[in-house]
Every structure is written in C-alpha cells, then in structure tokens.
Amino acid sequence: PDAISSGRAYDMVWAPLEPYLQGAGTVYFSPDGVLYSMPVEYASGPGGSVMADRVDMRRLSSTREIVGGRQGESSRTAVFGGLDYNVEPESALANDGNDLYALRTRSAVRKRFGEGFHFGLLPATGAEAEDVALSLGDMGYDARLFTGADGTEAAFRALSGSSPGVLHIATHGFYHNEAPGDTIDGYDRLLPQMLSKEMRAMSRSGIVLAGANSLFSSAAPTGWDNDGVMTAFDIAGLDFSNTSLVVLSACQTGLGDISVEGVAGLQRGFKKAGAGSILMSLWPVDDIATYRLMEKF
C-alpha cells in the first residue's frame with residue numbers, strides 16, 4: 001500500500017512508459033510477479049494524479065485476452081450470498097474421470113484448514129445478496145437469488161451452459177501455496193503424470209458454497225460434485241460464455257500462481273469458462289465493509 005500511495009510504484013511501472021501513453025485512451029496490461037498483488041493502476045503519480053483517472057486501464061490475466069471475442073450477454077443474473085455452510089448437502093455424485101483429482105483437491109483443502117475446521121457464517125453477505133438482487137432487478141435484469149441452503153455447488157454447476165449475464169458471489173474465498181501435504185499418500189506416484197502444473201495451481205484456489213463444512217466432518221462425502229467447494233479447476237470446466245461480469249465478493253479471489261501466462265487462480269478458472277470481466281480481491285476483506293462497498297458498486 002505504501003508503494004502505491006508514495007509514488008514508488010508509479011515511478012517504477014508507469015513513468016518509463018509515459019512517452020508511449022501520450023494520447024492513449026485505453027491501456028491493456030497484464031502485471032507479472034509481485035506487481036500482480038498490487039493495484040498498480042491506482043498508483044499515485046505527479047501531483048497525486050492516479051493513472052486510472054487519466055486513462056481507461058484494463059487489467060488482464062493474459063494479454064492474449066485482447067484478441068478474444070464475446071458472445072451475447074444474458075439478461076439473467078444469479079446472486080449467491082448468506083449461505084449456510086453447515087447444511088448437510090444432498091448425496092454427491094461421483095465425478096467420473098476426475099475422481100482422483102477431486103479426491104486430491106478435497107483432501108488438500110481438509111489438510112490446509114485442519115480437521116474440525118469450519119467456515120463461519122457471514123451475516124452481511126445475506127443483506128448484500130438481497131440488495132444486489134434488488135438493484136439488478138431495478139435495472140431490468142431477471143435476478144435469481146441463492147441464499148441459505150439453496151446456494152449449493154449443484155445449483156452453481158446448473159448455471160453452466162445458460163449462464164447469467166451477471167454472476168455475483170458473496171462468500172468465503174481461499175488460496176494457498178503448494179506444499180507436500182497437498183498430495184495424498186499412495187497416489188503421489190501417479191499425480192505428477194495426471195495433473196499439470198496449471199491444474200495443481202487451480203486446485204488451490206476456490207470459493208465456498210452451502211454445505212462446505214461437511215468436508216471437515218469425520219465422515220467426509222464420498223462423491224465430490226456437491227460438497228460445497230468449487231475450485232478454479234472445477235469452474236474452468238463449466239460454460240459461462242454468456243456472463244459479461246463476475247463479481248467475487250470474497251477474500252483473496254484475485255490470487256493464484258503467477259507465470260508468464262498470467263495468474264492460475266480463480267480468474268483463470270472463470271476466464272477458461274468464458275466469462276468476461278471479473279471483479280475480485282487481492283487481500284482478506286471485512287464482511288460488513290464489503291457489503292457497503294458492493295452496495296455502492
């Protein structure tokens with residue numbers, strides 16, 4: 001934050017580019033390394049000016065997005081919030097060819113958060129979801145609200161193929177770095193052959209939906225299609241090509257493994273699914289403060 005407000009980030013990133021930005025109306029950029037975790041488009045420049053106020057800044061997960069086309073936007077919206085993480089999910093179905101991947105992913109989540117962990121309820125997300133749905137309805141959208149026990153992984157997956165124009169998700173988000181504990185005893189020998197580096201990275205970033213706390217019970221579900229955890233890799237297999245805006249009102253939803261191909265995290269998952277713009281967070285966020293911010297947005 002200090003680098004952004006003090007001008008150091010501006011001097012390092014934008015000052016050398018100033019001669020090439022004269023007369024530019026829009027700047028598309030894909031940050032790399034530590035710059036990805038900084039809102040460099042809001043860096044203070046000379047006289048306190050901010051780049052995003054001077055030029056239309058478009059942050060991309062990869063510059064190859066510039067050549068991508070868009071399908072027509074749907075007039076429907078889906079809003080998730082005020083979810084019940086303690087509800088017992090309905091029987092989950094086996095995930096066919098991805099069973100080993102799913103088993104590894106869910107086991108890694110359990111190990112990282114710890115046995116007996118539970119996701120706490122987020123009261124403000126319920127009010128946020130209701131207000132967002134009302135606002136979208138006032139703008140002419142057909143808004144569908146998923147709260148409590150209705151905001152399940154199964155309901156989220158069902159949006160695939162006829163995805164809403166706007167998807168707003170107010171819940172817990174997570175991202176963690178890879179560690180030896182992310183693999184499963186007995187499967188380590190097979191995993192490097194079955195899971196690419198990108199797949200492994202996208203299995204460590206996700207969103208939490210209704211019923212997710214069942215994952216930490218002593219009897220974790222044997223099927224994985226409705227356990228309440230959607231990883232970036234899960235999302236990448238869905239079709240959100242009609243969705244022009246995804247709002248991830250949750251912690252750390254902008255994080256992921258960084259490479260020359262961009263960031264392998266939730267944004268990669270939604271981009272692979274065909275979504276357009278994504279609003280996300282780089283850091284942990286407060287429940288009530290986020291509600292107020294989203295209300296304004």
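**Salt bridges and helix packing**

Five salt bridges turn up in the structure, which is a predicted model. Three of them are described here, starting with a pair that ties together distant parts of the chain. In that pair, the side chains of Glu18 and Arg54 come together with N and O 3.1 Å apart. Glu18 sits in helix 3 (residues 18-21) and Arg54 in helix 4 (residues 51-54), with the two positions 36 residues apart. The two ends of the bridge fall into separate accessibility classes: Glu18 counts as buried because its relative accessibility, 14%, is under 20%, while Arg54, at 43%, counts as partly exposed.

Next comes a bridge within one helix. Glu153 pairs with Arg157, and their closest N and O atoms are 2.9 Å apart. Both residues belong to helix 7 (residues 153-157), where they are four residues apart, or about one turn of the helix. That spacing suits a pairing along one face, since an α-helix has 3.6 residues a turn, so residues three or four places apart point the same way. Here too a buried acid meets a partly exposed base: Glu153 has a relative accessible area of 0%, whereas Arg157 comes in at 21%.

Helix 12 (287-296) holds a bridge of its own. The side chains of Arg292 and Glu295 meet at 3.4 Å, N to O, and the two residues are three apart, again about one turn of the helix. In this pair both partners are partly exposed, Arg292 with a relative accessible area of 47% and Glu295 with 41%.

The rest of helix 12 has a clear inside and outside. Its buried residues are Asp287, Thr290, Tyr291 and Met294. These residues lie on the same side of the helix because they span an arc of only 105° around the axis. Ile288, Leu293 and Lys296, on the other side, are exposed. As for what the buried set packs against, the neighbours are helix 6, strand 5, strand 9 and strand 12 (277-279). At the start of the helix, Asp286 puts a side-chain oxygen within 3.1 Å of the backbone nitrogen of Ile288.

Helix 6 is on the other end of that packing. Running over residues 123-138, helix 6 has 16 residues and spans 24 Å from first C-alpha to last, close to the expected 22 Å. Its buried residues are Ala124, Thr125, Gly126, Glu128, Ala129, Val132, Ala133 and Leu136. They pack against helix 12 and also against several strands: strand 3 (76-83), strand 4 (142-148), strand 5 (166-170) and strand 9 (245-249). Just past the end of helix 6, Gly140 adopts a positive phi of about 95°.

One of the buried residues of helix 6, Thr125, is also touched by Thr171, a residue in the loop between strand 5 and strand 6 (173-175). Thr171 is itself buried, with a relative accessibility of 3%. Leaving aside residues up to four places away in sequence, the contacts of Thr171 also take in Leu83, Tyr85, Leu122, Ile207, Val208, Ser249, Ala250 and Cys251. With Val208 there is a polar contact as well: the side chain of Thr171 reaches the backbone oxygen of Val208 at 2.5 Å.

Key
Residues numbered from 1 in each chain as written. Predicted model: local features only at pLDDT ≥ 70, side-chain atom pairs only at ≥ 80, totals over all residues. Heavy atoms only, no water. Expected span 1.5 Å × (residues − 1). Buried < 20%, exposed > 50% of the residue type's maximum accessible area, 1.4 Å probe, protein only. Contact = heavy atoms within 4.5 Å. Salt bridge = Lys/Arg side-chain N within 4 Å of Asp/Glu carboxyl O. Polar contact = N/O pair within 3.5 Å; in protein donor to acceptor, adjacent residues only side chain to side chain. Arc of directions from axis to C-beta.
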